[in-house]
Amino acid sequence: MLIEIERGRNQTLQQIRDLAARFGNRIEILEGTGVFDTMHVIGDTRGFRDREDYVRSLPGVRAFFHAASGYANIARTIRGKDGVAQRRDRRVVEVPGLDGKVRRIGGGKHIFFVGPDSPQTLPQTLAIAKMAREIGERFGILDRLILRGGAFKPRTRPNDWRGLGMKGIAMLDAAREESGIPYATEIMDHNRVDEIGAHADMLQIGTRNAQNFDLLESVGRLGKPVILKRGFGNEIEEWFYAAEYVANQGNLNIALCERGMKTLFTKGGYCRNQPDLNAITFARKQTILPVIFDPSHVSGDYRIVPENLMASVAHLVDGTITETLHDEAFRQEQLCDAAQALTMESYAVLVEAVLTYEEKVQPLMRRAIGE
Ligand code: PEP
Ligand code: MN
């Protein structure tokens with residue numbers, strides 16, 4: 001645990017020392033170059049950590065950082081009972097398909113999540129699945145494709161279209177049946193986890209529910225693979241804690257998904273959400289979970305989806321989620337996220353770009369960063 005504190009706050013320093021002593025923790029002071037120093041609280045810090053609010057209230061305390069033990073189930077480095085740090089291997093989240101192929105997220109090859117923002121009509125949903133299958137066959141990546149579409153839509157404005165619900169799930173079921181490709185779909189209500197989980201191959205928790213703790217725990221109990229989007233205003237560790245809620249219930253089949261944040265700059269209109277690409281790298285280093293990226297929701301405009309997608313590939317992401325249209329003419333019919341949907345033709349070009357990058361450039365990237 002690290003605490004940043006203004007230099008010269010001797011009384012605060014003493015109060016923190018006393019608190020640490022009470023729980024048998026040791027303190028080390030790391031002198032900063034500016035006006036702040038960092039106190040490192042060492043040992044079994046659970047008792048100390050529970051007094052975080054008190055410590056934050058002391059004069060001169062600027063920040064309080066938790067060690068990875070707050071999310072021990074998913075942390076890459078854990079401290080065992082004997083106090084020795086262990087670096088764990090990253091996990092692979094497996095999603096089997098009716099076609100007998102298992103999609104391995106985090107298995108070293110890019111996983112392509114693709115589909116409409118939401119299933120709206122059966123022909124639309126089946127057409128996208130068919131085109132995805134063709135792309136899978138053309139590039140030999142059927143075992144790397146997962147369909148995705150939201151039948152239950154969290155909408156900011158209550159009068160906007162909110163998805164077809166179970167009718168949409170039936171369309172996704174049909175798309176899976178015809179294509180053999182598994183699908184992921186969003187869940188919003190913790191009371192419906194069993195009902196929807198009986199259909200879907202993978203569940204998505206959206207950015208607006210990223211800290212809905214009942215939902216996180218219900219999905220954790222179900223045990224099916226889950227995409228956990230980062231809350232659009234969440235600090236990176238809040239995202240890890242959200243994952244820990246799922247993991248605490250015994251479900252480690254989690255793919256973390258960066259999807260951009262609301263910032264001062266998104267008001268300018270040049271992107272919908274500000275992508276935090278460094279979060280991909282950090283999450284890969286700090287946790288054992290695969291990390292995917294959603295270029296569609298960071299863009300909000302199909303014309304800037306390709307560069308965002310490729311940027312995440314350069315950050316060694318384990319997969320991407322891209323929203324698509326089966327036919328450009330459908331854009332005017334689409335009731336949610338119409339502006340950011342790529343046509344499946346453009347998507348096929350991007351798939352080729354990812355595969356080319358993976359083959360030609362990624363080995364060099366891995367060498368450059370010492371992986
Ligand atoms: C979506 O995936 O369609 C969606 C609503 O995403 P987010 O939760 O990231 O906004
Ligand atoms: Mn969407």
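## Manganese site, pocket and cavities

The donors of the manganese ion (ligand 2) are spaced along the chain as D-x179-H-x25-E-x13-D. In this predicted model, the four residues behind that pattern are Asp117, His297, Glu323 and Asp337. Asp117 and Asp337 each bind through OD. His297 uses NE2, and Glu323 uses OE. The coordination distances run from 2.0 to 2.3 Å.

Two of these donors come from separate parts of the fold. His297 sits in helix H10 (residues 295-299), while Asp337 sits in the loop between strand E16 (319-325) and strand E17 (342-343), so the pair ties together parts that are 40 residues apart in sequence. Are His297 and Asp337 buried or exposed? Both are buried.

Next, the open space. The second largest pocket has a volume of about 560 Å³. Its lining counts 27 residues. Those nearest the centre of this pocket are Thr156, Arg208, Arg259, Lys262 and Arg272. By class, 15 lining residues of the pocket are charged, eight are polar and four are nonpolar.

Now the enclosed space. How many cavities of 30 Å³ or more does a search of the whole structure find? There are three. Two of them are set out below.

| Cavity | Volume | Nonpolar lining residues | Polar lining residues | Charged lining residues |
|---|---|---|---|---|
| Largest cavity | about 50 Å³ | two | three | four |
| Second largest cavity | about 40 Å³ | seven | two | one |

Which residues line the largest cavity? Gly108, Lys109 and His110 are part of the lining, as are Leu316, Val317 and Asp318. Glu358, Gln362 and Arg366 complete the list. Four of the residues lining the largest cavity are charged, three polar and two nonpolar.

The second largest cavity has another set of walls. Val114, Gly115, Pro116, Thr125, Ile128 and Ala129 belong to its lining. So do Leu147, Arg148, Leu172 and Ala175. Seven of the lining residues of this cavity are nonpolar, two are polar and one is charged.

Where does the lining of the second largest cavity come from? Strand E9 (111-115), helix H4 (122-139), strand E10 (145-148) and helix H5 (166-179) each supply at least two residues. H4 gives the largest share, three residues.

Definitions and conventions: Residues numbered from 1 in each chain as written. Chains lettered and ligands numbered in written order. Predicted model: local features only at pLDDT ≥ 70, side-chain atom pairs only at ≥ 80, totals over all residues. Heavy atoms only, no water. 1 Å grid on protein atoms, 1.4 Å probe; cavity = no way out; pocket = protein on both sides within 12 Å on 5 of 7 lines; lining within 4 Å. Points joined across faces, edges and corners; volume = space filled by probe spheres on them. Nonpolar A, V, L, I, M, F, W, Y, C, P; charged D, E, K, R; others polar. Helix = DSSP H or I, 4+ residues; strand = E, 2+ residues; numbered from the N terminus. Donors = N, O, S within 2.8 Å, 3.2 Å for Na, K, Ca; no water. Buried < 20%, exposed > 50% of the residue type's maximum accessible area, 1.4 Å probe, protein only.
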